Amino acid sequence: MNDYRINLNYAKALLMLATDLGDSDKVMEDMCLVNKVFRENHELYVVFNNPVIAMEKKQAIVRELFGERVTKTSLAFLLFVTKKRRAVNLKGISQMYKDLYREANNIVVADVMTAVEVNQEHLESIREKVAAYTNKNVEIYSHTTNKMLGSFHLMFDTYLYDARI
């Protein structure tokens with residue numbers, strides 16, 4: 001089984017469990033945290049990918065990192081995944097959960113890249129236009145780059161609007 005299928009199956013199971021318990025919003029916040037921690041700490045991936053390190057030690061690391069910061073549902077899930085020797089997949093599972101949650105809740109992510117910081121008024125205008133085009137709720141992220149002179153680059157769903165100079 002490849003990583004994509006593993007991530008998808010575990011994320012679907014977590015989404016179904018969280019939805020049944022009415023915790024899907026809180027679990028989404030937890031999975032955002034898990035994803036962020038794994039994105040920012042490559043050493044954590046190396047530790048979880050090391051077969052020499054005992055499963056109990058990996059579970060202790062999960063408890064230490066997330067024990068007080070996530071819901072009981074999320075912690076139980078993280079420990080279960082670690083017990084099944086899939087801790088190396090936690091980053092992928094958390095990302096897949098975010099994708100499935102957004103799909104289930106009719107949310108689209110819009111990414112705006114500009115040369116200078118965009119004010120809130122312009123971001124709101126972009127959000128409204130994307131929402132009107134997709135008929136979905138919009139999560140908008142903005143960042144700047146020094147690789148463009150002006151204008152902007154907008155990505156959402158499978159669309160790309162490139163007005164860069």
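**View 1. Asp157 in the loop between strands E3 and E4.** In this predicted model, Asp157 is partly exposed, with a relative accessible area of 46%, a value that lies between the limits of 20% for buried and 50% for exposed residues. The loop that holds Asp157 runs between strand E3 (152-156) and strand E4 (159-162). Although Asp157 is not a glycine, its phi angle is positive, at about 45°.

**View 2. Asn135 in the loop between helix H7 and strand E2.** Asn135 lies between helix H7 (120-134) and strand E2 (137-144), and its phi is likewise positive, at about 55°, although Asn135 is not a glycine. Asn135 counts as exposed because its relative accessibility is 61%, and exposed means over 50%.

**View 3. A positive surface patch that includes Lys91.** The patch is formed by Lys36, Arg39, Arg69 and Lys91. Of these residues, Lys91 belongs to helix H6, which covers residues 90-104, and with a relative accessibility of 39% Lys91 counts as partly exposed.

**View 4. Tyr10 in helix H1 and the residues that it touches.** Tyr10 has its place in helix H1 (residues 3-21), and it counts as buried because its relative accessible area is 18%, where buried means under 20%. When residues up to four places away in sequence are not counted, Tyr10 touches Phe77, Phe80, Val81, Lys84, Arg86 and Ile93. One of these contacts is with Val81, and although Tyr10 and Val81 are 71 residues apart in sequence, their C-alpha atoms are 8.2 Å apart in space.

Notes
Residues numbered from 1 in each chain as written. Predicted model: local features only at pLDDT ≥ 70, side-chain atom pairs only at ≥ 80, totals over all residues. Heavy atoms only, no water. Helix = DSSP H or I, 4+ residues; strand = E, 2+ residues; numbered from the N terminus. Buried < 20%, exposed > 50% of the residue type's maximum accessible area, 1.4 Å probe, protein only. Patch = residues over 30% accessible without salt bridge, like charges linked within 9 Å, V, L, I, M, F, W, Y side chains within 5 Å. Areas by Shrake-Rupley, 256 points an atom, 1.4 Å probe, with all protein chains shown as cover. Salt bridge = Lys/Arg side-chain N within 4 Å of Asp/Glu carboxyl O. Lys, Arg positive; Asp, Glu negative; His and termini not counted. Charge placed at Lys NZ, Arg CZ, Asp CG, Glu CD. Contact = heavy atoms within 4.5 Å.
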